[in-house]
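Student: Could you take me through one part of this model slowly, and then show me how it fits with the rest? I would like a connected account.

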Amino acid sequence: MELTKQQHLELYYWMQLNRKLEDLLTNLFRQNKIVGGLYSSLGQEAISVATTYALEKRDWIAPMIRNLGAVLVKGYQPRDLIMQYTAKAGSPTGGKDGTAHFGDLKQKRVISPISMLGDLIPVMTGIGLGARYLGREEVALTWIGEGGSSTGVFHEGLNFAAVRKAPLVLVLENNLWAYSTPIYLQTAAKHFADRAKGYGIPGVIVDGNDVLEVYRVTQEAVARARRGDGPTLIEAKTFRRKGHAQHDPAKYVPQWMLKEWEAKDPILRYEKHLTEKKLWTEKGKQEILARIDTELKQELAAAEASPLPQPEVAAQGVYCDGCHEIRAEWKRSPDEVKPPRNIPSKWFKGRDPALAVAAIPPVAKPEKETVMVGANPRREKKQRKQTKQERQRK
Ligand SMILES: Cc1ncc(C[n+]2csc(CCOP(=O)(O)OP(=O)(O)O)c2C)c(N)n1
């Protein structure tokens, strides 16, 4: 789908909001107002924003630490994030978590991040398959770093998703550093997307700093997942321009590398594109920036004025007290999810004959043959020559 002028500007708005909200949170961190860890997505905003923008409202996301832009696009307000990081009573977790472990299963369809890297892949596979069994064409999308892609659960999860043709889109943000581990110590392969071949699914490489390209490839992957054709692995090549988190000055990253990637900044690149394609005027740009500025001032004031949680709530909501009921309305047969007692012969129909056990010809038994023990080729040759001479003499 071609983006309208309005949509082009929306992408810009979300990327700038992502960046400016992170700047605001960084200031709060330095004022010691942030309770948990704070992670930066500086230079990676195009990925969070464009991949989520390619989804529909009914689709599901599970963000990771560098996907603040994704939750904004999915409907969280900046004040939700500010209150979350400052552990206010009105935050999505009611002040119980000071980082980004929050979600909303009912309205926004955001699955709370899981800190164990890779674990969101099987979870999101289950979310997608679950939706399918309820007769709904919904897509589940999650992100993983190139470091996280070295976990066992990455491979197990993606393989399972591929086999079951789960409506999953997996975005691998290759930002060249996993904490202090550089990419060349992470994989011997040229591209992380090449791993997709091992699961029989498409592996797509995209310039992660090109918001329009990220949007385009994600849209294709989402359409494929919705059609029921299975998952796609998208490798978005980018760069982590800050340390792992606020506490990490990232001295191990060479300065020339930082400079190189500053020049490829996704927001500056997109601004250039919007100007060249005459999709905005300088006045239009200033209006967007002023809007973000005003919004963030209001959101910060509201969040700062909001109360901290009361001590007694610490013990509430720890265990589920009827907050969610599991009662599925199956639209397809539950038998489909149960492992078969024996493999039905119809399973083989229309498949590659090599896969069908029945079609594999039995291995022919070798005929009896004389095996010469201790064979000597030179002696044999000599014997054959002698026999020939004898025959000629006769
Ligand atoms: C299974 C597991 N192992 C180790 C960690 C500790 N850990 C947290 S983030 C991180 C580095 C992640 O790097 P990457 O996946 O490349 O993401 P990036 O931080 O670069 O965005 C590690 C090792 C973890 N959370 N989970």
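In helix H1, which residues are buried?

Tutor: Happy to, and please keep in mind that this is a predicted model. The buried residues of H1 are Leu11, Tyr12, Trp14, Met15, Gln16, Leu17, Asn18, Arg19, Leu21, Glu22 and Leu25. Helix H1 itself covers residues 5-30, which is 26 residues. From its first C-alpha to its last, H1 reaches 38 Å, close to the 38 Å expected at 1.5 Å a residue.

A word on geometry helps when you read that list. An α-helix has 3.6 residues a turn, so residues three or four places apart point the same way. As for what lies over the buried residues of H1, the cover includes helix H2 (45-53), helix H3 (68-73) and helix H4 (78-85). Also included are helix H7 (211-227), helix H9 (266-276) and helix H10 (282-305).

Just after H1 comes a backbone detail: Asn32 takes a positive phi of about 65°. Most residues other than glycine have a negative phi. Two further positive values sit in loops that border some of the helices just named. Arg109, in the loop between H4 and helix H5 (120-133), has a phi near 60°. Lys278, in the loop between H9 and H10, has a phi of about 55°. Their surroundings are worth a look too. Arg109 is buried because 22 other C-beta atoms lie within 10 Å, and the cut-off for buried is 20 or more. Lys278 is exposed because it has 8 such atoms within 10 Å, where exposed stands for 12 or fewer.

To place H1 in its setting, let's widen the view. The chain has 11 helices and 7 strands. Of its 394 residues, 35% are buried. Among contacts with a separation of 6 or more, 74% join residues 24 or more positions apart.

The strands give good examples of such long-range links. Start with strand S2 (residues 140-145). Because 6 of the 6 residues of S2 are buried, the strand is largely enclosed by the rest of the structure. Ala140, Thr142 and Ile144 point one way from S2, while Leu141, Trp143 and Gly145 point the other way. Strand S1 (residues 60-62) runs parallel to S2 and is joined to it by 3 bridges, and within that pairing Ala62 is the bridge partner of Thr142. S2 and S3 also run parallel, with 6 bridges between them; there, Gly145 is partnered with Glu173 in S3.

Thr142 makes a nice anchor for the eye. It is buried because 26 other C-beta atoms lie within 10 Å. Its C-alpha atom is separated by 5.6 Å from that of Ile61, although the two residues are 81 residues apart along the chain. Leaving aside neighbours within four places in sequence, Thr142 is in contact with Ile61, Ala62, Leu120, Ile121, Met124 and Leu170.

Leu170 leads on to the core. Not counting residues up to four places away, Leu170 touches Ile121, Thr142, Ile144, Leu158, Pro231, Leu233 and Ile234. The largest nonpolar core has 72 residues, and those with the most contacts inside it are Ala50, Val169, Leu170 and Ile234.

From Ile234 we come to strand S7 (residues 232-237), where 6 of the 6 residues are buried, so S7 is largely enclosed by the rest of the structure. Thr232, Ile234 and Ala236 point one way from S7, and Leu233, Glu235 and Lys237 point the other way. Strand S3 (residues 168-174) pairs with S7 in the parallel sense over 6 bridges, and Val169 has Thr232 as its bridge partner there. Strand S6 (residues 203-207) also pairs with S7 in the parallel sense, over 5 bridges, with Val204 standing opposite Ile234.

Last, the ligand. There are 16 residues around it, and Leu117, Gly145, Gly147, Gly148 and Ala178 come nearest. By class, the shell holds 5 nonpolar, 7 polar and 4 charged residues. Gly145 thus appears twice in this tour: among the residues nearest the ligand, and as the bridge partner of Glu173.

Methods. Residues are numbered from 1 along each chain as its sequence is written. This is a predicted model: local features need pLDDT of at least 70, side-chain atom pairs count only at pLDDT 80 or more; totals for chains, interfaces and linings use all residues. A residue is near a molecule or strand if its C-beta atom, placed from the backbone, lies within 6 Å of it. Ala, Val, Leu, Ile, Met, Phe, Trp, Tyr, Cys and Pro count as nonpolar, Asp, Glu, Lys and Arg as charged, and the others, Gly among them, as polar. A nonpolar core is a set of buried Ala, Val, Leu, Ile, Met, Phe, Trp, Tyr and Cys residues joined through C-beta atoms within 7 Å. Two residues are in contact if their C-beta atoms, placed from the backbone, lie within 7 Å. Helices (H or I, at least four residues) and strands (E, at least two) are DSSP runs, numbered from the N terminus. The expected span of a helix is 1.5 Å times one less than its number of residues. Two strands pair if DSSP finds at least two bridges between them.
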